[in-house]
Amino acid sequence: MHRISRYSIITASKLLPCVPLEWWHGLRNRAVLKDVLKKLAINCVLDVGGNTGQYGRRLRQIGYHGHIISFEPIMANYEILKASAVKDENWSVFPYALGAVNEKKEINVMAATDLSSFLVPREDSQNRFKQNRVERKEQVQVWRLDNILDTCLDMRAHPRLYLKLDTQGFDLSVMEGAQNIIPEILGLQTEISLHNIYHGMPSFLESISKFQSYGFDVIDFVTLTRERDKLSAIEMDCIMVNRNLKQHNEK
């Protein structure tokens, strides 16, 4: 049996305080995602709110080799995202948003584009997120996911779907537009807020309750942002699994 020496313990105790807390959080977040994708045998990730490709690149870094389908409606972001995916034959990108209805809709493009939303930022939230302010508005195309998924999959057989939602308060609208394919979504992650940063966004409890009503159970939470004191969480990714997963595996 391998024994940990007293020297190793002392050395580790000296090094740990020097490592930024954000680094440890990031390491855990990646480990959780990798474990979930592996256990669910996911071969297709739907990246809703792809921004400039951060999530797709993270998937490759943790060893995920399956297909990625990214959706990003803001054109400047989409061009960067497309450049990230162009050399990856298993990464498809589409220049539109997802929602409850097929429509043209105006989106608020923030100073930090990863905070862009169909919703308007709360004034008090800008004390914490200085770049969560509207710089311009852009007209974008919105589609229901269950209307366009087959086209996006491009005849890929037996997809095992994982849905990643990062739409800054619009996640439940995306789910409303995915009603006909919910049985095919094996797992998902949705960004939820303990302190709302946009007007009209659902509360933490409302979000969890709605996803549970769709048949998903919580398996983990991953903290994304905190107050400046580093103690209070603001945003978290909620990782969920389809409670009918056993029936899907038996098909």
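Helices here are DSSP runs of H or I with at least four residues, numbered from the N terminus, and that's how H2 and its neighbours get their names in these views of a predicted model.

**View 1. The largest pocket and what lines it.** This one has a volume of about 1,100 Å³. Its lining counts 50 residues, and Arg58, Asp114, Asp166, Glu191 and Leu224 are the ones nearest the centre. Two helices, H2 (21-39) and H3 (54-61), are among the elements that give two or more residues to that lining, and so are the strands S4 (97-98), S7 (161-165), S8 (185-193), S9 (216-226) and S10 (233-242). The top contributor is H2, with eight residues. Sort the lining by class and you get 21 nonpolar, 15 polar and 14 charged residues.

**View 2. Helix H3, one of the pocket's contributors.** Look for Tyr55, Gly56 and Leu59, which are buried in H3. These residues span an arc of only 100° around the axis, which means they sit on the same side of H3. Just past the end of H3 comes Gly63, with a positive phi of about 95°.

**View 3. A three-stranded open sheet with mixed pairing.** Read across it and the strand order is S4-S6-S5. S4 and S5 (103-110) are the edge strands, and each has a single partner, so one side of each has no neighbour in the sheet. Zoom in on S4 and S6 (residues 134-143): they run parallel and are joined by two bridges. Ala97 pairs up with Val142 of S6 as its bridge partner. S4 also turns up in View 1, as one of the strands giving two or more residues to the pocket lining.

**View 4. Helix H7, with a buried face and an exposed side.** Within H7 (residues 204-213), the buried residues are Ser207, Ile208 and Phe211. Down the helix axis they fall within an arc of 95°, so they line one face of H7. Flip to the other side and you'll find Leu205 and Ser213 exposed. As for the cover over the buried residues of H7, it includes helix H6 (171-176) along with S7, S8, S9 and S10. Those four strands, S7 to S10, are also among the elements giving two or more residues to the lining of the largest pocket. After H7 comes Gly215, and its phi is positive too, near 105°.

How values were computed: Residues are numbered from 1 along each chain as its sequence is written. This is a predicted model: local features need pLDDT of at least 70, side-chain atom pairs count only at pLDDT 80 or more; totals for chains, interfaces and linings use all residues. Side-chain values use heavy atoms; hydrogens and water are left out. On a 1 Å grid over the protein atoms alone, a cavity is a set of points where a 1.4 Å probe fits but cannot get out, and a pocket is an open set with protein on both sides within 12 Å along at least five of seven lines; lining residues have an atom within 4 Å of a point. Grid points are joined across faces, edges and corners, and a volume is the space filled by probe spheres set on the points. Ala, Val, Leu, Ile, Met, Phe, Trp, Tyr, Cys and Pro count as nonpolar, Asp, Glu, Lys and Arg as charged, and the others, Gly among them, as polar. Two strands pair if DSSP finds at least two bridges between them. Buried means under 20% relative accessible area, exposed over 50%, partly exposed in between (1.4 Å probe, protein chains only). The arc is that of the directions from the helix axis to the C-beta atoms. Contact means heavy atoms within 4.5 Å.
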